[in-house]
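Reader: Hey, I've just opened this one and don't know where to begin. Can you walk me through the sheet?

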Amino acid sequence: MERTIQKKLSVGGDSWVTVDVYGEPDAPSLVVVPGVMSDAHTWRRVAGTIDAWPSVVVVNRRGRASSGPLTNSYSLQTEVEDLGVVLDEFDSTRALFGWSYGGLITLLAANDRPIPQVIAYEPVMQPFGRHALPDLKMAEETADWDRCVEIVNRQISGFSAAHVEDLRADHYGWAILRRLSGPLYAELGALNAAPPPDVMARQADQVDLIIGQCNRGTAPYGTSFDNVRQHVAHAGIHELPGQGHLAHIQAPAELGHLLNNLAAI
């Protein structure tokens, strides 16, 4: 499926979000919500493999070019409300798919309005990454984006120093990571600022939660996934073989095929 159009939608707080639309713009859609250290562009290969819905709408959340700023009033509820604007625009949406922080956003959105299906890949919830907030704050205040990338990979994701050096050796990829780390402190702070409701995705007809096989039962993503499961009633649990948290980068076709298979009939 090819990208058809890009739309700019006004949201609250003098900001806006852009969305990349693949397929038929006015047809029933899957709406994709990326997480932190990610944007709509990094999900293009996954979107290109999806054919179970006539269209795929990938949200470029605020804080990323070419969407607007986070603004001073930014919170997790801000993200839920932004997604509501997208759903009002694409009112034939049949399913939401969220990755990581985006997974939490989609699950919360399905408390506010009826959604036929919600799919979330390794959604996270508090106290995810809370221990790294002081260091992230210092790095943001000094605009040390290299340090932000190091913190998210070492202190939060738990990757090795060698892994970070491999990332740094790819100058183009490292530049993208530096750019995507700009809203990281605010987003992680918003995630940890307020406890989620006891039940999430209350108005979803069907909920499917996905975990990468490599993260099952392990911190931080597997343990956060298990925490989320306790707040989502009657969710189907699915595993993506051989993958961890970055399946959209490392195995986009496999992830896209799994989403096709999970599409509600």
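Author: Sure, let's talk through the strands and then the helices around them. Keep in mind that this is a predicted model.

Reader: Okay, how many strands form the sheet, and in what order?

Author: There are 8 strands in an open sheet, ordered S1-S2-S4-S3-S5-S6-S7-S8, with mixed pairing. The edges are S1 (3-11) and S8 (236-240), each of which pairs on one side only. On average, neighbouring strands are turned by 20° against each other, ignoring direction.

Reader: What about S3, is it buried or exposed?

Author: S3 is largely enclosed by the rest of the structure, because 5 of its 5 residues are buried. Ser29, Val31 and Val33 are on one side, Leu30 and Val32 on the other, so to speak two covered faces.Reader: Which strands does S3 pair with?

Author: S3 pairs with S4 in the parallel sense over 4 bridges, and Leu30 has Val56 in S4 as its bridge partner. From S3 the chain crosses through helix H1 (residues 44-49) to S4, a right-handed β-α-β crossover. S3 also pairs with S5, again parallel, over 5 bridges. There, Val31 has Leu96 as its bridge partner.

Reader: Switching topic: which strands does helix H2 lie across?

Author: Helix H2 (residues 76-89) lies across S1, S2, S3, S4, S5 and S6, and runs at about 125° to S1.

Reader: And at the S8 end, how many bridges join S7 to S8?

Author: S7 (residues 204-212) and S8 run parallel and are joined by 5 bridges. One pair of bridge partners is Gly212 and Leu240 in S8. Helix H11 (residues 252-262) packs on the sheet, touching S5, S6, S7 and S8, and its direction makes about 155° with that of S7.

Conventions: Residues are numbered from 1 along each chain as its sequence is written. This is a predicted model: local features need pLDDT of at least 70, side-chain atom pairs count only at pLDDT 80 or more; totals for chains, interfaces and linings use all residues. Side-chain values use heavy atoms; hydrogens and water are left out. Two strands pair if DSSP finds at least two bridges between them. Axes are lines fitted to C-alpha atoms, for helices over the stretch in contact, and angles run from 0 to 180 degrees between N-to-C directions. Contact means heavy atoms within 4.5 Å. Buried means under 20% relative accessible area, exposed over 50%, partly exposed in between (1.4 Å probe, protein chains only). A crossover is right-handed if, with the strands pointing away from the viewer, the path from the first strand over the helix to the second runs clockwise.
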